[in-house]
Structure formats: C-alpha cells, structure tokens
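User: Could you walk me through this structure with a few questions and answers? I work at the bench and would like the cut-offs spelled out as they come up.

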Amino acid sequence: MTRYISSTINHCILLIGLLIMIVPVWIIFASSTHSSLFINTNGLQFFLGDNFIENYSRVLFKKSGFFNEITALKMFFNSFVMATGIAALSVITSLMAAYGLVYFKIKYATIIFWLIFITLLVPLELRIMPSYIVMSKLNLVNTFAGLILPISASAIATFFFRQFYKSIPDELLEAAKLDGTSSWRFFIDFLVPLSKTMIAAVFIFMFVFGYNQYLWPLIMTTSEQYWTVVMGLKTMYGSISDRFAFVIMSMIPPVVIIVFLQKLFIQGIFQNK
Amino acid sequence: MKKVQFKSYYSQYFFLAPQLLILLIFLYWPIIQTFKDAFTMQDAFGFGSQFAGFDNFLFVFSDPSYFTAFKFTIIYSFVITLITGSIGLLLAVQANKVLHGKNVYKTLLIWPYAIAPAVVGVMANYFFSERYGLLHHLFNNLWGFNWYEDVFDAYIYVIIAGSWKQISANFIFFLAGLQAIQKTVIEASIIDCKSNIRRFWTITFPLLMPTTFFLIIINITYAFFDTFGIIDTTTIGAPGSETKTLVYKAYIDGFKGLDLGSAGAQSIMMMIIVLFITIFQFRYIEGKIHYN
C-alpha cells in the first residue's frame, strides 16, 4: 500500500516537471496556429487554430513583407552550414590534436598542452570585440568562414578526446608497434574506429552548440544573406503569429537531434567519467 | 600520458598543427588585442592611442554600474545554480525510482536542453509582455508586476527565463550520476536504514558529490556566459543596468559604446574570475571528491 502511495507521488512530481517543460512551448505552438488578428484580440492560446499551414508556409517561403532580403528557409540553410562546419572542424582538429598530445613524445609537451587548454578560460564572449576586428582585418565578415572558424577555436573537444585516449589500454599501441604500424596508420586504423561513439557525441554536441550561437552571428553578419535562425529571431519583422511560428521552427532541429540521439550523446559524454 | 609512445621528429606536429593554427589566429590574436586595448587609451576621435597603464581598470572600478553588474551576476549565478540544481535533482531522483515510463519521462524532460538561450528569451518575452503575457498578468494580479521599473520584478523575469532550460541539463547529469551508483551499495543501505529520506542524504547524496560539483561549475559558467542571449532578448539590462551581467556590460560598453579600453579591462577581469573558478575546481573538486 505505502508502495503505491510513494510511486504515485513519484509520478506526480515528474508530471509537474513535464508540465513546466512542455506547457510554455505548447502555448506558443498553439498560438502560432491562429491568425494574428485573433491573437491580438484574445491573447495567447491553449488550443490549436486553423492557420497552421498558412502561417508556417508564409514564414518559410515569403521574402517580401517579412524580411527584406531573406526567407526563413535561407536562414535555416545558413544555420546548417554554420553548425555542420563548426562540428566537423572541431571534431577533426581536436581528434588530431589529442592524438598528438597523448601518443607522442613531444619536446615542449607542457607548453603545447597549456597553449591548448588555457584557451578553455577564454570563451568567445570575452574576446568578442577584438575577434570582430581580427575578422574584419582578414576580410572574413559576412562569410561562412567568419561564422565558423572562431567558434571552432575551442579546446573542449580536445579535452574530451584526450580523456578518452588515456583510457585506451597501452597494450594496443605495443601490439601495433610490434607489427611496425606507422603513427598515421595507427590513428586511422585503430583510434578513429575505436572513438566512433565519442566522435558522434562530440559532433552532436558541437552541432547543437554551433546552431545555438547568437552573439557571434549577430556581430559577424551585416548582410542579411548570412543571417542565421537564432539571431534572426530577434531582428525579424512580421506579425505576431509569424513570429510564434518562427520561434517554434527554430527549436526543431536541435531538439530533434538531442531527442533521437540522446543515447549516443549521453554515452559519449559519460565514457569519460 | 602513455608509457608507450611514438618517437618522431615531425609527425606529432602534423597532428597538432591544424588546431594550434586555428587557436593562434582566432583566439590568441584577439586575446593579445584585448590586453593591448586594456592598457591603452584612445583619444576621442579614434586617431591615436597611448599607453595608459591601469587607468582603464581604475575607470572600471570607479564606475558604479560595474558593481551593479557584478552584484547581479553573482546573484544570478547563485539563484540559477540553486533553482536548477535542486529541481533537476528532485526530478532525477523520481525518474530513477519509477518502474514504468522511465524513458518517456527522460525523453520529455531533456529536450529543452537543446534550445538556444536566445530562443528561450524570445519565448519568455511573450509570457512577460504586457499585452499577451500570462505570467505578467498572474504576477500583476498578485503584487503589481512591473519589470521595467522594479528591480525585483526584473530579477524574477530573467531568473525564470534563465532557469527553465537549465533544469534539463541538471536533470540529465544527476540521472546519469544516480544510475552510476552501484545497486549493491543501495541494497546494502536499505538493510541498514529504513527511512528513504535519511538514506538519500547519508548514502546517495554523498555519492553524487562529483556530479554536484561538476554541475555547480556548469551552472555558474552558464549564468556567466550563455545567458547573454537571454538578457539581450528579455530585459536588455533594464531597469537602468540592474540586470546586466558582466559579459553583457562588457559587450555593450565595447560594441555599442565603442570604449575598447574599458571593454578590454572588463574582459580581463572576467578572465581572472574564470581562472579562479577553474583553480577552485581542480584543487578542491579533483582533490577532495572520491569517485569510488
């Protein structure tokens, strides 16, 4: 009997938690399916309206009237290019750098180690203005390279890969060395396949991180052609239900990725502990 | 470091080069620039600059709004850490206990983690708007809510907006921490101690210490840096500069006010704070917390 009571309490607390997480987004979603006129007279809505297709397709495809030069679809494209670029570049450079740090005798090992890891102390937000000046000197304002490179300049992924490599038994390298494997072959044939889960987890993490960037694209894009979804939210014009629809659409890519790949993601992060 | 390593004169540099190159150009160059800005003074027209010693730092320290931002950032990170940590822990403990629907709860609780802070801020904006805002109406009926004039109300606004998605992150890590505790430990403790609550605080919670400290650091970094998108889409620092975080103030002074010297000095102050948090993390957490 007490067991039933305590399990009911457990479920009740969890349900309250679910409601806190779901209800705000549901209200915005439900409101996004009504016409702006209706929202303006009746406020936020809890039940669905009939304007779903109309509102969402208008936001996605129409240029004139809502954005001066860009459709939401183009913003999604830009965000995807940016996020994929950041994820791919961080995974490749970090995987290699961690390998160099863990598997080689290096002359100035401590210096290089600190040169890489002290950067964890300086997130992009702390060097935003000088970064902008550097980028404009390099002529990278309003380019994808400008959006991608400074955010890929991070040692977080290197830290993860380094921890992971350290957990791999030394015998693997001993055996490979007996066979006369070169350092390059060992990397490609042994370490990369072994790190698959980690690579996937770090890629997902960096993709969501890149997609969710707000301040950097805000500063780096003076031309609307390079606007991304998350920064476009604040600057976009349009009626209230269009804005609701855009907010909902903007969450879909990262949320879908995290929900469907949660196992992989959590597994990868906790392999380190 | 590995006991067995490759000995080579050049191939390690091949592996290190791409990352080092990106870091040097896109991280070290701007950082050096930041230090240069912090120690120089530009004349009013931006034509020339001269070495200014610590003048920019003194200017920052004599600016009352810097202390307002400092105070707000401390309060903000403390409250966010407390709220999201305790709700995240509460939910994780429940989700770890239930026999049915564990995965459904997990999936439905973790997705806000993926939403960008700026998107959360835009959403919060609607709930706190005078015209449509449900929360605005609710609080207004309770005590006369007015966030653009009342500091306390503005705090409530940015704290709710800032905490919401971070509950998910705390939930994920606490749940993983709970699941990593060995079943035998829990079973043994059930024999010794009948009370659920006492067992939690004497056995389970101490075993969760590594996760808790890890999350404290995560939450503080989140409140310091990631909340930029939330502040910029909700209060924009209003009323006055009462809800500006240190990062937000440095951005406004540098980018909008074009005071590079002050912004540079503020950035360096932030770096020192982050350095302290990190040292604390390594010294205290790595040293005192035992994983097994």
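User: In which loop of chain A does A:Asn142 lie?

Analyst: A:Asn142 belongs to a loop of chain A. This is a predicted model, where local features need pLDDT of at least 70, side-chain atom pairs count only at pLDDT 80 or more, and totals for chains, interfaces and linings use all residues. Residues are numbered from 1 along each chain as its sequence is written, while chains are lettered from A and ligands numbered from 1 in the order in which they are written. With helices (H or I, at least four residues) and strands (E, at least two) taken as DSSP runs numbered from the N terminus, the loop that holds A:Asn142 is the one between α6 and α7 of chain A.

User: What is the phi of A:Asn142?

Analyst: Most residues other than glycine have a negative phi. A:Asn142 is not a glycine, yet its phi is positive, at about 60 degrees.

User: A:Asn139 is also in the loop between α6 (128-137) and α7 (144-152) of chain A. Is A:Asn139 buried or exposed?

Analyst: A residue is buried if 20 or more other C-beta atoms lie within 10 Å of its own, exposed if 12 or fewer, and partly exposed in between, with C-beta atoms placed from the backbone. A:Asn142 has 16 other C-beta atoms within 10 Å and is therefore partly exposed. A:Asn139, whose phi is near 60 degrees, is likewise not a glycine. Because A:Asn139 has 10 C-beta neighbours inside 10 Å, it counts as exposed.

User: Which two residues bond through a cis peptide in chain B?

Analyst: Most peptide bonds are trans. The cis one has an omega of about -5 degrees, and one of its partners is found in the loop between α12 and α13 of chain B. The two residues are B:Ala238 and B:Pro239.

User: How do α4(A) and α8(A) pack, and what is the handedness of their crossing?

Analyst: Helix α4 (residues 72-103) of chain A and helix α8 (residues 156-166) pack at about 45 degrees with axes 8 Å apart, where axes are lines fitted to C-alpha atoms, for helices over the stretch in contact, and angles run from 0 to 180 degrees between N-to-C directions. That angle makes α4(A) oblique to α8(A), since under 35 degrees counts as roughly parallel, over 145 as roughly antiparallel, 65 to 115 as roughly perpendicular and the rest as oblique. A crossing is left-handed if the near helix is turned anticlockwise from the far one by less than a right angle, and right-handed if clockwise. The crossing of α4(A) past α8(A) is right-handed.

User: At what angle does helix α1 of chain A pack on helix α3 of chain B?

Analyst: Residues 2-32 form α1(A) and residues 64-97 form α3(B), and their axes are 9 Å apart. The contact (C-beta atoms, placed from the backbone, within 7 Å) includes A:Ile13 and A:Leu14 on one side and B:Leu90 and B:Leu91 on the other. The crossing is left-handed. The angle is about 130 degrees.

User: Which helix gives the largest share of the side of chain B that touches chain A?

Analyst: In all, 67 residues of chain B are in contact with 68 of chain A. By class, the chain B side has 48 nonpolar, 14 polar and five charged residues, where Ala, Val, Leu, Ile, Met, Phe, Trp, Tyr, Cys and Pro count as nonpolar, Asp, Glu, Lys and Arg as charged, and the others, Gly among them, as polar. The largest share, 16 residues, comes from α1(B).

User: Which residues of the largest nonpolar core touch the most other members?

Analyst: A nonpolar core is a set of buried Ala, Val, Leu, Ile, Met, Phe, Trp, Tyr and Cys residues joined through C-beta atoms within 7 Å. The largest one has 143 residues, and α4(A) gives the most to it, with 14. Beyond its neighbours within four places in sequence, B:Val119 is in contact with A:Val230, A:Leu233, A:Val247, A:Ser250 and A:Met251. The two residues are A:Val202 and B:Val119.

User: How many residues of α5(B) are buried?

Analyst: B:Val119 is among the buried residues of α5(B), as are B:Pro117 and B:Phe127. The helix is mostly covered, and its buried residues number 11 of 11.

How values were computed
Two residues are in contact if their C-beta atoms, placed from the backbone, lie within 7 Å.
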